[in-house]
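Welcome, and please take a moment to look over the fold before reading on. The report below walks through the sheets, a cavity and the confidence of the model.

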Amino acid sequence: MNLLSAENLSHSFGDKWLFKEISIGLNLGDKVALIGTNGTGKTTLLSFLAGREQPDSGVVSVRKGTRIGYLEQSPAFDGGLSVMDVVFADDNVIARIVKEYEKALTGNDESLLTSTLDAMHRHKAWDFESKAKEVLGRLGIHDVQTLFGQLSGGQKKRVALAKILLEEPDLLILDEPTNHLDLSTIEWLEGYLNTANTTFITVTHDRYFLDKVCNLTVELEGGNLYTYKGNYAYFLEKKAERENIESAEIDKARNLMRKELEWIRRQPKARGTKAKYRVDAFEDLKDKAGQRKYDDKIDLNVRSSRLGSKIIELQSVGKRYGEKELIHNFLYTFRKGDRIGIVGQNGTGKTTLLQMITGNLRPDNGQVVRGDTVKFGYYTQSELEYKEGQRVSDMVREQAEVVRLGTGQTVTVSQYLQAFLFPPGKQHDYVEKLSGGEKRRLQLLLMLMSEPNFLILDEPTNDLDITSLNVLEEFLLNFPGCLLIVSHDRYFLDRLVDHLFVFEGDGRIKDFPGNYTDYRNWLEESANATGELKTSRQAPAARKQEPAEEPKRKASFKEKKEFETLEQEIADLEGRKSELLSFMEKGGDHVQLLEWSQQLEEVSELISAKELRWLELSEIM
């Protein structure tokens, strides 16, 4: 069943065409990955599909009754609303029904109560508030009364994502949904989207995410759309085949054009008598032969400063904010060639550790001892700083007129900008006109020009396209200095790091030997061996021996008996809940309806409490 069709869409910015006469259709169950380099128009296309903006030409048609949920890169809501008020906004059908139901209860409006009870039952809205808190909690938002305007950019994005998921639209349009999510939350989102009837189109750079949840890949390249009926791995295979065919066709066209050019130039005075179809064919041939196949690879062979034997020592460093301890007496000595990934839930102190290492933040206790030769290259989550009216090339020339490569050669600023996918025309653009990904790429270029020997990358994959990521990975694989990466991109971590700092919460940091997939496999093996998944267990063969943890306590006799009876109690309460819903569906007088409604709320709260207790006991058991 077709939910959305876009036909012959064309759009330009000034004299530059983003795309011309492209078409795409989305059917029920399609899970589409939209891929393309920064600046090709992916976000613009999603905006057209969502109906937020209009193309220069073309039509977007949506099947009648289809509800669309659109996650923008930078969601905007009233900053004075609480998180829960944003989720309960009037454009959410279920939330609106819940509000009307509560209004009917408060105002003793019998007719409104009757109609809203029917709507509550049809839309299964009884547990909406608890479900909203659950989804927000999974996305790392726990204080639902916090004002939206007080949230960070990443938190705002997560609230917007929760709102859209709770609305359960027929079609999801998601622009970078994995940005600002920690690894466990991304894995949860994969499971959420992997249901059979979920339909979505997404732009994301997370290659594992694309591989696991998408069944259709659409590439936006050179103003055209190319569709591949498979996941990201299938796309890579078929794209290589397509490019080989296109390259062969261009070479063939160029050889043929040489012959045609000789013919077309003969007897110029008699050109009007030449076969018109052959002259027309020559013009088409010239267009084909004139195509250029660009190599998108960036040669990031930059020079790095010499790194001495003494690098950085973390001597029992600790940091807390109020009563919350982020880092507890952490010890580590960096060695040459260290390639460390940092993972953990948002808010556990990952960026705080980076700030202490670089000297931007003092620890509450302990010391950070840095070697004299250490030269940091710190790639942060902050926005690129630039002057109004500043051009790309001028900004780079402020740092250096030439760039020294690791081979000892030098290249001009213009040549180096081209290596970073800034062609000559783009080099004279104003910085404020660059896309988000292009600004991040420029920020990376400037940082590498400083010849660092200790690279710290805080979420480097945000906003970078996959092409840029592939080349950045190739450079980092050959980087001779130390590497410290905070990232939620599992593919990126797997390629580049050989051990992890795992932030477990409550100040604990574990040094795990291996990459992220090794860590996940270890967790699963531990769960199979012990019957539970406990992330804080001591990892085998870690470099630093941390203090042994207390042995897991056994369940008491009373707890065992409580656990046995909880399942039956929950089942009985579910039965009572179904019974009350049945009474309310059949109807009754105002007093009965009010009484049943109150009982239903009490039963629902009891079920939630007992389910939570059951989960607590199951961990002990």
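Two strands count as paired if DSSP finds at least two bridges between them. Strands (E, at least two residues) and helices (H or I, at least four) are DSSP runs, numbered from the N terminus. This is a predicted model, in which local features need pLDDT of at least 70, side-chain atom pairs count only at pLDDT 80 or more, and totals for chains, interfaces and linings use all residues. Residues are numbered from 1 along each chain as its sequence is written, and side-chain values use heavy atoms, with hydrogens and water left out.

Let's begin with the open sheet of three strands, ordered β2-β1-β4 with antiparallel pairing. Because β2 (16–27) and β4 (57–62) each have a single partner strand, one side of each is left without a neighbour in the sheet. Strand β1 (residues 2–13) joins β2 through eight bridges in the antiparallel sense, and Phe-13 stands opposite Lys-16 in β2. Helix α1 (residues 42–50) packs on this sheet, touching β1, β2 and β4; contact means heavy atoms within 4.5 Å.

The other sheet is open too, with six strands in the order β14-β17-β18-β12-β19-β20 and mixed pairing. Its edge strands are β14 (376–379) and β20 (508–513). β12 and strand β19 (residues 499–505) run parallel over five bridges, with Gly-341 opposite Leu-500 in β19. Helix α16 (residues 466–477) packs here, touching β12, β17 (454–458) and β18 (482–486).

The table gives the helix directions; axes are lines fitted to C-alpha atoms, for helices over the stretch in contact, and angles run from 0 to 180 degrees between N-to-C directions.

| Helix | Strand | Angle |
|---|---|---|
| α1 | β1 | about 130 degrees |
| α16 | β17 | about 150 degrees |

Where does β12 turn up again? Strand β12 (residues 339–344) gives three residues, the largest share, to the lining of the largest cavity. A cavity is a set of points on a 1 Å grid over the protein atoms alone where a 1.4 Å probe fits but cannot get out, and lining residues have an atom within 4 Å of a point. One cavity of 30 Å³ or more is found in the whole structure, and the largest holds about 60 Å³; volume is the space filled by probe spheres set on the points, which are joined across faces, edges and corners. Its lining includes Asp-182, Lys-350 and Glu-459.

Finally, confidence: pLDDT, the predictor's confidence in each residue from 0 to 100, averages 80 over the protein chain. Residues 539–551 stay under 50.

Notes. On a 1 Å grid over the protein atoms alone, a cavity is a set of points where a 1.4 Å probe fits but cannot get out, and a pocket is an open set with protein on both sides within 12 Å along at least five of seven lines; lining residues have an atom within 4 Å of a point.
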